[in-house]
Structures are given as structure tokens and as C-alpha cells.
Amino acid sequence: METTVIGCGYLGATHAACLAELGYDVLGVEVDATKRELLAAGRVPFYEPGLQDLLAKHVASGRLRFTDSFEEAAAFADLHFLCVGTPQLASSMGADTSQVEAAVRALAPYLDRPSYVVGKSTVPVGTAERMATLLAELSPVGAEAELAWNPEFLREGFAVADTLAPDRIVLGVATERAEKVLRELYAPLLDAGTPLVVTDYATAELVKVAANAFLATKISFINAVAEVCEAAGADVVDLADAIGHDARIGRRFLNAGIGFGGGCLPKDIRAFVHRAGELGVDDALAFLRQVDDVNQRQRQRVARIATAMLGGSVTRSRICVWGAAFKPDSDDVRDSPALSIAGRLHVRGAHVTVYDPQATETARARFPTLDYASSAVDAARDADLVLHLTEWPEFRAVDVAEVSTVVRRQQLLDGRNVLDLPSWRAAGWTARGLGRG
């Protein structure tokens, strides 16, 4: 089976390489010339563990190649995956689906035989129905150019594993024929025991945003509780461990800290709320506005705590920030809480030096006014305060004694609640976490 992947950013490049790994011939369609040339040379233009080797392997084998031609794509395959971006609109909380529509408009006129276009992008409910109509209108074969929706559930840092061994596959289809084709494509995964949910367009679209909204709610819940713990002198980590033993709740995503960021959770919950308003059920998701507010407040709260630790003003203080990516195992700094906090402190007059094992260059491109170091120890040199804001394993393994020799003041704020604070305190540091009394 031959397939195409339209849009070869984070989602598309991963999906294309993994389809090749499953044994399919894949043609990636990417209109950005710089990105396309990098991919064609077997290089991934972002950091994702395991993806570089996988992509290079299948570019070298000839199983995976890239083009900017929709006409070539239509001639190459009868199964096409849409993996383009759906960022937040500048004018509202809604999702911008213009790239999805543009891809359908570009591909459909060349579909001159029965074909399947499968959306993987995260879109507002109702988009698939609209794209199905547009596809049939523009394709020479009309309704024989069928649409399906197959949402992605990738976690940055685990994208390859999440594609090759997913915890579920969701297919939103309108016909048994489309379901049969996708069952055949995913047969290696289904035979390995991956659960399959076959449903309609609307449900498939809602699954992804509902999942992200639930995870965001869980994170904001524990961060709100952390604030209460701090005021009451309780320990939120022990509390999370205790309630996490309840099978109805679970321990995952109950780590209090500086909150969530990245290119998915923030914009997805906002788009979900916006779409609910368009459907006339605003009140149903009103709580998600508070989830978003709690998340944003964490960044302000950390900046306030840091200011208090520095005597009420950060002006002319030197602050070390460990972490720039919104999460470990990624170089993604979109809506990064770490960089948001670093930027706030810089604007207030602090000299801020950032170190991240993978995201230094992407961070520098977005926040060029901050300083950047080549190691955790170098970032801490002459610092009055060390902020741990992205939970890379490297920071847990830092030699406390070595860091102690380079800082100006031994003060640490663990914004992720994963460092061994007793060992820092034993070395003479003032060390605190969030929600830990």
C-alpha cells in the first residue's frame, strides 16, 4: 500500500517515518522548501527521540521521500493523511483550520480515482463534515473521494512509540469501505492488540480535544490544591501520592508545578471552549476557562515566589533557569511556562541565564534578549537564585557540591517538585518547592 502524508511538521514527519517502518511506501508533501530539503536529506528539523534514526533509515531505503506537488501525491497513492497545523486564531480562542482546508483544496482536483483522505489534525467538531463536502465537490470522482478522521494522540518525547504502539486507534468514518481500508493499513498494530474505536466524524474529532481537556483539568486541579497546601503547611507531593492510589483517580498528571504548555493543551482547550460557544452550549465547558486561568496563574505565582526569595525585588539579581522546553525530551518552546517565567523576571530587571539540554536554539529564537549557557553549572555561575523549570533527568543528576561553588547565593526553587530538596538543604541551600509548606 502506498500512502502520502500532507504536512510534514512534528505530526506529519513522525507519521510518515512510522508508516515507512510499518512497510509502506510513503510520499511526504511539504510546501516549506527548507523543511522539505532537510527531510529529504534524512534530517529532522526538530528534536524527537528516535525519530532522526527512523527517518534517515527510510529515506536511505527509498521507502520515504518528499515533494511539494499535490499532483504527484494524487498519482502516487489512493490514501492521503492530512497532518497540517491548526494553531489558535489571533482574533479569538478558536482554532485556525485554514491549512486543513487549503490542503483539501490543493489535493482534491487531482483525485481522479476512488481515494481516501484521512485527517489527523486536531480540529473543531464539525470540520470533518465540512471537509467531506468540500472534497466531494472538488474531486473529479465526487463522493468516491472519501474522507475519514483518525485523530493523533502523540506525546512529545514519545511520538515514535505512540505511533508504532498506540494505546488506541480511533477511526471516524462515513462508510464501511473507508473503515476496511484503514483497518488494512493499521493491521500490524491491530494484530498486536491495539484497541480500535470506530465511530462517526464528530465523535472522532471530539475524542482528542476531550482527552486534552481532561489532562489539562487534572494538572490545574493539583496546582490549585498545591496553593492551598502551601498556605496550610501541607505537602502536595504526599497528598498526590495518597489520592493517586485511588484507581478512579490515578497518580499520573498529578505532579504540581509550573503548569502545562506546548503546542497542544493550551490551544486545544481554548478551541474546545470556543467551539462549545458556537454550538450554543457555552456553560457546559465554562470550567475549562478556570482550568486555563489556574495554569496561567502558576507562572505569575512562581515569579512572585522568586521575587520574595530575592528580598522583594529582582532588579539586578542574577537568576539561573534550568529548562526552556515546555517538557523534557523535546526542543519545543511553544507556550513554554519556563520561558514565560524567565521572560517575566527579565522584564522586571533580572539578569536571566537559561540552559536546556535540547531547546537552547529554539528558545534563543523566541527570547533573544535572555542569556544562554552551555551547561547547567555555567548557567548557575554567580546566580542569586536557581530556578528548576523543566524536569530533564540531567538536572536531577547535577552535582550539588559543584553548583554550590559557582553561585553567589545558595537559593533554589524547584518548579517541578522532583529534585531531592533535603540533599540541597544539607549542602547549605535554601531550597523550596511548590505546595510543600
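In this predicted model, T4 counts as buried because its relative accessibility is 0%, the limit for that class being under 20%. T4 belongs to strand β1, which spans residues 2-6. The T4 side chain forms a polar contact of 2.8 Å with the side chain of H80. When residues up to four places away in sequence are left aside, T4 touches L27, A73, F76, A77, L79, H80 and F81.

F81, one of the residues that T4 touches, is also among the three with the most contacts inside the largest nonpolar core, together with L64 and L182. This core holds 40 residues. Helix α1 (residues 10-21) contributes the largest share of the core, 8 residues. Beyond four places in sequence, F81 touches T4, V5 and I6, and further contacts include H15, L19, V118, K120 and N150. L182, L185 and Y186 are likewise touched by F81. A second core, separate from the largest one, comprises 30 residues, including A303, A350, L387 and L413.

The model was also examined for enclosed space. The count is 1 cavity of 30 Å³ or more. The largest cavity has a volume of about 80 Å³. Its lining consists of A95, T122, V123, P124, V125, L206, V209, K267, D268, A271, F272 and R275. At least two lining residues come from each of the helices α10 (201-232) and α12 (265-278), and α12 gives the most, with 5 residues. By class, 8 of the lining residues are nonpolar, 1 is polar and 3 are charged.

How values were computed: Residues are numbered from 1 along each chain as its sequence is written. This is a predicted model: local features need pLDDT of at least 70, side-chain atom pairs count only at pLDDT 80 or more; totals for chains, interfaces and linings use all residues. Side-chain values use heavy atoms; hydrogens and water are left out. Helices (H or I, at least four residues) and strands (E, at least two) are DSSP runs, numbered from the N terminus. Buried means under 20% relative accessible area, exposed over 50%, partly exposed in between (1.4 Å probe, protein chains only). A polar contact is a pair of N or O atoms within 3.5 Å; within protein, one must be able to donate a hydrogen and the other to accept it, and residues adjacent in sequence count only if both atoms are side-chain atoms. Contact means heavy atoms within 4.5 Å. A nonpolar core is a set of buried Ala, Val, Leu, Ile, Met, Phe, Trp, Tyr and Cys residues joined through side-chain atoms within 4.5 Å. On a 1 Å grid over the protein atoms alone, a cavity is a set of points where a 1.4 Å probe fits but cannot get out, and a pocket is an open set with protein on both sides within 12 Å along at least five of seven lines; lining residues have an atom within 4 Å of a point. Grid points are joined across faces, edges and corners, and a volume is the space filled by probe spheres set on the points. Ala, Val, Leu, Ile, Met, Phe, Trp, Tyr, Cys and Pro count as nonpolar, Asp, Glu, Lys and Arg as charged, and the others, Gly among them, as polar.
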